[in-house]
Amino acid sequence: MQKEKILVIGASGQIGVELTLALRNIYGNSQVIASDLREENPLLAGTGPYVSLDVMNKEMLHVQVIRQNITQIYLLAAMLSATGEKNPHLAWHLNMQGLLNVLDIAREEKLSKVYWPSSIAVFGPTSPRRLCPQHTVIEPTTVYGISKYAGEFWCNYYHKRYGVDVRSLRYPGLISYKSLPGGGTTDYAVEIYQEALLHGKYNCYLSSDTYLPMMYMPDALRATLELMEAPADAITIRTSYNVAGMSFSPAEIGASIQKHLPDFDLQYKPDYRQTIADSWPQSIDDSVARNDWGWQPAYDIDRMTVDMLNNHPENKGRRFQ
Ligand code: VAH
């Protein structure tokens with residue numbers, strides 16, 4: 001039985017760094033190749049092999065997959081919602097062609113599994129606002145959401161037609177302290193902790209009552225690994241699974257921080273990202289994921305806040321209860 005050899009594409013990004021480290025803990029450092037167009041994230045240095053790789057260069061990617069005897073690919077490279085609205089054609093091209101390159105190579109090389117993240121950004125203003133279900137009206141109004149929804153159908157097509165075992169989650173906004181996100185509408189929920197610790201104040205670019213589906217990174221990593229380790233016959237969704245962690249507004253996350261930093265000053269100055277946030281549901285129904293492979297989140301907003309403040313690189317040794 002050949003040992004699993006995993007290629008993580010986009011390994012220097014917010015999810016990629018932590019997923020690479022988690023996979024290395026499971027499969028062994030040398031069995032997980034980290035790759036990105038960007039330089040190696042310092043958090044990965046010395047933890048395993050790293051290659052510079054452009055997911056848009058299909059031939060180079062194919063050579064790496066063959067040369068490294070890759071058996072699984074985790075594709076995390078994407079342009080997120082806010083940046084995507086500034087570069088619609090680039091966002092579509094990267095998010096779509098990158099996925100098609102990986103799916104084609106997975107078919108040709110008979111890879112054992114592929115992971116590709118979708119997002120709650122696939123939902124639009126005509127989707128139910130609360131407890132948005134797995135199957136519903138889905139009319140995305142951002143290029144990011146359009147590309148992710150189209151990508152879901154490509155995943156389903158490659159599974160049904162070619163038997164590629166590609167699996168996917170519709171991530172909510174993800175919050176973490178190890179590596180900053182880039183270009184997302186939900187990035188405020190990451191920045192707010194850093195600004196609270198560093199400057200004691202933050203100007204939020206969303207309005208105080210903008211409820212959005214969110215998830216703490218440890219939950220997102222566990223959801224990903226539990227999905228990928230589930231038996232194939234348990235997977236009934238081959239587009240992408242709804243998964244939920246929590247939902248909160250900027251005012252609520254501010255209040256959670258102020259329990260520990262009472263002087264934290266939170267102001268609001270909505271910008272173009274408000275329109276994007278307003279097009280998304282406020283909460284997600286993830287009952288299909290719970291039924292199929294036992295999904296269950298572990299973090300709520302206050303538990304996340306204590307963990308974020310205690311582990312944040314800017315916390316200067318302070319301890320929070
Ligand atoms: C974004 N963080 O803001 C991503 C996420 C649900 C949003 O997909 O674009």
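1. Which helices and strands each supply at least two residues of the lining of the largest pocket? In this predicted model, the helices are α1 (14-27), α3 (81-86) and α5 (143-162), and the strands are β6 (118-119) and β9 (173-175). The most generous of these elements is α1, which gives three residues to the lining.

2. The volume of the largest pocket comes to about 820 Å³. Its lining is made up of 41 residues. Nearest the centre of the pocket lie Leu76, Ala78, Met79, Leu80 and Gly182.

3. Sorted by class, the lining of the largest pocket holds 22 nonpolar residues, 14 polar residues and five charged ones.

4. The largest pocket is also where the ligand sits. Around the ligand are Leu80, Ser81, Ser119, Ile120, Tyr144, Pro172, Gly173, Gly184, Thr185, Thr186 and Trp280. Leu80 thus appears both in this shell and among the residues nearest the pocket centre.

5. The shell around the ligand has five nonpolar and six polar residues, and no charged residue. The lining of the pocket, by contrast, does include five charged residues.

6. Three side chains of the shell deserve a separate look. Ser119 has a side-chain N or O atom 2.8 Å from an oxygen atom of the ligand. For Tyr144, the distance from a side-chain N or O atom to a ligand oxygen is 2.9 Å. Thr186 places a polar side-chain atom 3.0 Å from a nitrogen atom of the ligand.

7. How much of the ligand's accessible area does the protein cover? On its own the ligand has 280 Å² of accessible area, and the protein covers 94% of this.

Definitions and conventions. Residues numbered from 1 in each chain as written. Predicted model: local features only at pLDDT ≥ 70, side-chain atom pairs only at ≥ 80, totals over all residues. Heavy atoms only, no water. 1 Å grid on protein atoms, 1.4 Å probe; cavity = no way out; pocket = protein on both sides within 12 Å on 5 of 7 lines; lining within 4 Å. Points joined across faces, edges and corners; volume = space filled by probe spheres on them. Helix = DSSP H or I, 4+ residues; strand = E, 2+ residues; numbered from the N terminus. Nonpolar A, V, L, I, M, F, W, Y, C, P; charged D, E, K, R; others polar. Near = heavy atom within 4 Å. Polar contact = N/O pair within 3.5 Å; in protein donor to acceptor, adjacent residues only side chain to side chain. Areas by Shrake-Rupley, 256 points an atom, 1.4 Å probe, with all protein chains shown as cover. Sits in = over half its atoms within 2 Å of the grid points.
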